[in-house]
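Student: I would like a close look at one part of this structure. Please take me through it step by step.

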Amino acid sequence: GATVALTPCQRPSSGITLLEEAEFLRDRAALLLPIPANDSCTFPGCGINKRAEFPVFKPQEDVRKCENLSGCVTIVVKTARRPHLVIRLAQSVRQHLDADIPIIVIDDGPDTHPPEIMSEIAQFPNMRYVIAEEADLGIAEGRTRGVRMVETRYFLNFDDDHIVPEDSGVLKIVELMETTDLTLVGAKGRTSWAGFVDFLPDEDGRPMLRQLHGSCTVKSQLL
């Protein structure tokens, strides 16, 4: 496996399910097993390791090339009252991708941000910043709302703490969408960050999966 950098989060998680260690390891092992072709497993993770057929390149006459990124790609961001991170992301998009690329941001509400923050957001006319009526909209619902507002051919789902580097590879992703029969393309991140979880004993001494809070120092773990 690869070494993944993990860090504890200062804010409490909204959805940590406690599992006994044996149950967790059993489910994880099931996901890693190859699935026979005639298998009738109904577990949601079944088939996750089945190899898809190699992408097929479209005939040249069927390829629709984007003239520029802003005309065919929209960035969708779900944030949770972290406009400073969204502004940082928008700055990196302007610097390394396309200053006119549409950005749709869905934020938790119901309150607006201070005037100085809204003034900074207004510096990006290509960014549509929507503050929801709900206080805790949730990442799935927020992204769904954002995607429904997309008007371009493609969209990119970004977290609010992402930064677009100079060598992001977004152009290559768009090229794959244009020239093959793929309908979904992802990229491998350089570093994965998450709330750090570990097995700790409960009051009866049984190992339970718990989230750790701390100083946000990076911890590497082999997964």
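Which residues touch the most other members in the largest nonpolar core?

Tutor: This is a predicted model. The largest nonpolar core has 26 residues. Val-73, Ile-75, Val-77, Val-93, Ile-103 and Met-127 touch the most other members. Several elements feed this core, each with at least two residues: the strands β2 (73–78), β3 (103–107), β4 (127–131) and β5 (154–159), and the helices α2 (83–96), α3 (115–121) and α5 (170–179). The largest share comes from α2, with 5 residues.

Take Met-127 next. Leaving aside its neighbours within four places in sequence, Met-127 is in contact with Val-86, Ala-90, Ile-103, Val-105 and Ile-121. Apart from this core lies another one, of 7 residues. Val-76, Ile-104, Ile-106 and Met-149 are among them.

Now look at the strands. Four of them form an open sheet in the order β4-β3-β2-β5, with parallel pairing. β4 and β5 stand at the edges, and each has a single partner strand, so one side of each has no neighbour in the sheet. On average, neighbouring strands are turned by 20° against each other, direction ignored.

Follow the pairs. β2 and β3 are parallel, with 4 bridges. Here Val-77 stands opposite Val-105 in β3. β3 and β4 are also parallel, over 5 bridges. In this pair Val-105 stands opposite Tyr-129 in β4. The chain gets from β3 to β4 through α3, and this β-α-β crossover is right-handed. In a regular strand, side chains alternate between the two faces of the sheet.

Next come the helices. Helix α4 (residues 139–148) lies across β2, β3 and β5, and runs at about 155° to β2. α5 has these buried residues: Val-170, Ile-173, Val-174, Met-177, Glu-178 and Thr-179. They pack against β2 and β5.

Finish with a residue in a loop. Asp-108 lies between β3 and α3. Is Asp-108 buried or exposed? Its relative accessibility is 4%, so Asp-108 counts as buried, because the cut-off for buried is under 20%. The side chains of Asp-108 and Lys-78 are joined by a polar contact of 3.0 Å. Leaving aside neighbours within four places in sequence, Asp-108 has further contacts, including Thr-79, Arg-81, Ile-131, Glu-134 and Asp-136.

Definitions and conventions:
Residues numbered from 1 in each chain as written. Predicted model: local features only at pLDDT ≥ 70, side-chain atom pairs only at ≥ 80, totals over all residues. Heavy atoms only, no water. Core = buried A, V, L, I, M, F, W, Y, C linked by side-chain atoms within 4.5 Å. Buried < 20%, exposed > 50% of the residue type's maximum accessible area, 1.4 Å probe, protein only. Contact = heavy atoms within 4.5 Å. Polar contact = N/O pair within 3.5 Å; in protein donor to acceptor, adjacent residues only side chain to side chain. Pairing = 2+ DSSP bridges. Right-handed = clockwise from strand over helix to strand, strands pointing away. Axes fitted to C-alpha atoms, helices over the stretch in contact; angles between N-to-C directions.
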